[in-house]
Amino acid sequence: MSDKSQTKFGKALGLKSDTSIKTEVIAGLTTFFAMCYIIFVNPNTMVGAGPLWNTVYIGTIIAAVIGTLLYAFLAKKPFAQASGMGLNAFFFVSFMLAAGDPTANYGAGLVIILISGLVFMVLSITGLRSYIAKSLPDCLKKAIPAGIGLFIAFIGMQGAGIVVADLFTLVELPDLRTWAAAAPVLCAILGLIAIVVFNKIGAGWMKKMSIVLGILVSTVLYYLFTWTAPSFDFAQIGQSFKDFGNYGFSVFKPESWSIAFDGVTFGSIFAVIMLIVTFCLVDMFDTIGTLYGTCAQANMLDENGDPLDIEKCMMCDSIATTAGAMVGVSTVTTFVESASGVAEGGKTGLTSLVIAALFAVCLFLTPLASIIPGVATAPALMYVGVLMLKNFKAVDMDDLSSAIPAFLTLTLMPLTYSISNGIAIGAISYVLIRLFTGKFSKKDIVVTVIAILFVFRFVFVAAM
């Protein structure tokens with residue numbers, strides 16, 4: 001490549017004199033290994049098993065490549081995107097558990113994701129997205145990601161059999177006197193401990209890859225405890241692409257649209273609208289929180305303390321969500337693990353380009369990914385849940401007008417098995433407290449509109 005071509009390429013990625021290609025490549029490698037767990041966690045969380053697992057595996061990688069390339073060339077920032085944790089669980093609960101054919105519901109759910117992405121895009125273009133985010137009360141901004149963290153940790157515990165159903169107390173521990181029940185619990189708990197140990201005492205790559213290493217520990221323990229051997233079927237590579245061809249573009253099938261809006265499968269049309277609103281809200285706060293935190297670490301904030309080129313970053317997010325729905329995955333969002341690459345010196349789109357290239361290689365590693373049992377991804381869900389819970393410590397617990405809505409948002413997400421229920425009750429309680437204490441102001445109008453929409457949903461729509 002000539003010097004002139006290198007200059008053009010570097011300019012397209014935002015490469016400047018205060019960094020180097022070597023630094024950006026190392027940063028890209030760091031971020032990739034910190035977040036590549038999503039490749040096998042997302043299929044397990046979003047659809048479970050079967051042909052749809054292969055579909056989501058391939059779709060997850062393609063969506064990550066598209067979203068991360070957007071950051072490389074549009075925003076020129078060292079960030080990466082993939083299907084968001086919490087939102088994939090919300091997809092499973094909202095669509096895959098609905099009555100009817102799971103495969104058909106999968107396509108209909110993607111229609112909802114596509115529409116939420118398009119709404120997201122309009123909000124980003126008009127600037128309303130930033131306005132809505134800044135208008136919501138701080139206590140809800142902190143409680144929503146924390147509640148999602150508690151929710152996905154609960155899902156991980158269920159998947160590993162740590163928490164099981166009980167007729168009288170609703171949940172309890174399994175009977176650990178039987179090895180069949182104890183083995184998966186031990187795999188998950190030891191995997192979680194391994195993640196913490198690698199993170200605390202590991203150096204360099206070991207610390208960055210702590211989640212992946214924890215999943216590998218759980219996988220090895222699973223095959224030892226169950227005394228089974230993994231199978232490597234390299235024909236599965238072709239099968240994965242075949243399944244992706246059959247189901248990955250379900251959003252374009254007419255029946256997916258008819259099921260999404262039949263007024264029965266997912267509830268009334270109003271229920272579908274609330275699903276779209278909820279996906280938009282959750283993705284909005286997830287992305288903004290990640291951008292502010294990561295940009296602060298990378299010294300990419302303007303004089304007002306806002307991320308540089310925030311509208312471009314949000315546009316990358318909304319386009320990636322839309323593209324993700326088209327290739328069969330739940331909402332795509334900016335990953336907080338991007339901070340690990342920034343910490344290694346990543347400052348430009350070249351970091352993102354490296355991440356995207358590494359994801360692309362994984363398209364041909366299906367046999368390796370498929371040997372990861374569902375119980376082995378539970379530690380990742382619990383660990384990420386803990387990280388997301390950190391947001392709650394910023395809630396002012398001395399001010400009950402903030403503490404109560406935040407508490408309700410935090411606890412009702414896992415207890416009602418619904419992110420939207422947590423946001424709804426939190427918003428409604430906040431508005432009522434502000435009204436009855438005489439503290440209601442013009443800045444509360446946005447959250448009031450959201451609360452009113454949720455009230456209508458509870459009155460006229462069955463619980464989601």
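Glycine 328 is buried, its relative accessible area coming out at 0%. The model here is a predicted one, and this glycine makes a handy way into it. Glycine 328 sits in the loop that runs between α15 (310-326) and β4 (332-334). Leaving aside residues up to four places away in sequence, glycine 328 touches Met46, Val56, Tyr106, Leu110 and Gly248. Its C-alpha atom is also 7.8 Å from that of glycine 107, although the two glycines are 221 residues apart along the chain.

Two of those contacts lead on to a helix pair. Tyr106 and Leu110, both touched by glycine 328, also turn up on the α6 side of the contact between α5 and α6. Helix α5 covers residues 87-96 and helix α6 residues 102-126; their axes come within 9 Å and cross at roughly 125°. An angle like that is neither over 145 degrees nor within 65 to 115, so α5 and α6 count as oblique to each other. The crossing of α5 and α6 is right-handed. On the α5 side, the residues involved are Phe91, Phe95 and Met96, and they meet Pro102, Asn105, Tyr106, Gly109, Leu110, Ile112 and Ile113 of α6. Sorted by type, the residues of this contact come to eight nonpolar and two polar, with no charged ones.

A second pair, α9 with α11, lines up in another way. Here the axes of α9 (residues 179-201) and α11 (residues 210-225) come within 8 Å and cross at roughly 155°. That angle is over 145 degrees, which makes α9 roughly antiparallel to α11. The crossing of α9 and α11 is right-handed. From α9, the contact draws on Trp179, Ala183, Leu186, Cys187, Ala188, Leu190, Gly191, Ala194, Ile195, Phe198 and Asn199, while α11 brings in Ser210, Ile211, Leu213, Gly214, Val217, Ser218, Leu221, Tyr222 and Phe225. The tally for α9 with α11 is 15 nonpolar residues and five polar ones, and again no charged residues.

Now for the chain as a whole. The protein chain has 22 helices and four strands. Of its 464 residues, 56% are buried, glycine 328 being one of the buried residues. Taking contacts between residues at least 6 apart in sequence, 79% join residues at least 24 apart. The accessible surface of the protein chain adds up to about 19400 Å², and carbon and sulfur atoms account for 70% of that.

Definitions and conventions:
Residues are numbered from 1 along each chain as its sequence is written. This is a predicted model: local features need pLDDT of at least 70, side-chain atom pairs count only at pLDDT 80 or more; totals for chains, interfaces and linings use all residues. Side-chain values use heavy atoms; hydrogens and water are left out. Helices (H or I, at least four residues) and strands (E, at least two) are DSSP runs, numbered from the N terminus. Buried means under 20% relative accessible area, exposed over 50%, partly exposed in between (1.4 Å probe, protein chains only). Contact means heavy atoms within 4.5 Å. Axes are lines fitted to C-alpha atoms, for helices over the stretch in contact, and angles run from 0 to 180 degrees between N-to-C directions. Angles under 35 degrees count as roughly parallel, over 145 as roughly antiparallel, 65 to 115 as roughly perpendicular and the rest as oblique. A crossing is left-handed if the near helix is turned anticlockwise from the far one by less than a right angle, and right-handed if clockwise. Ala, Val, Leu, Ile, Met, Phe, Trp, Tyr, Cys and Pro count as nonpolar, Asp, Glu, Lys and Arg as charged, and the others, Gly among them, as polar. Accessible areas come from the Shrake-Rupley method with a 1.4 Å probe; for residues, only the protein chains shown count as cover.
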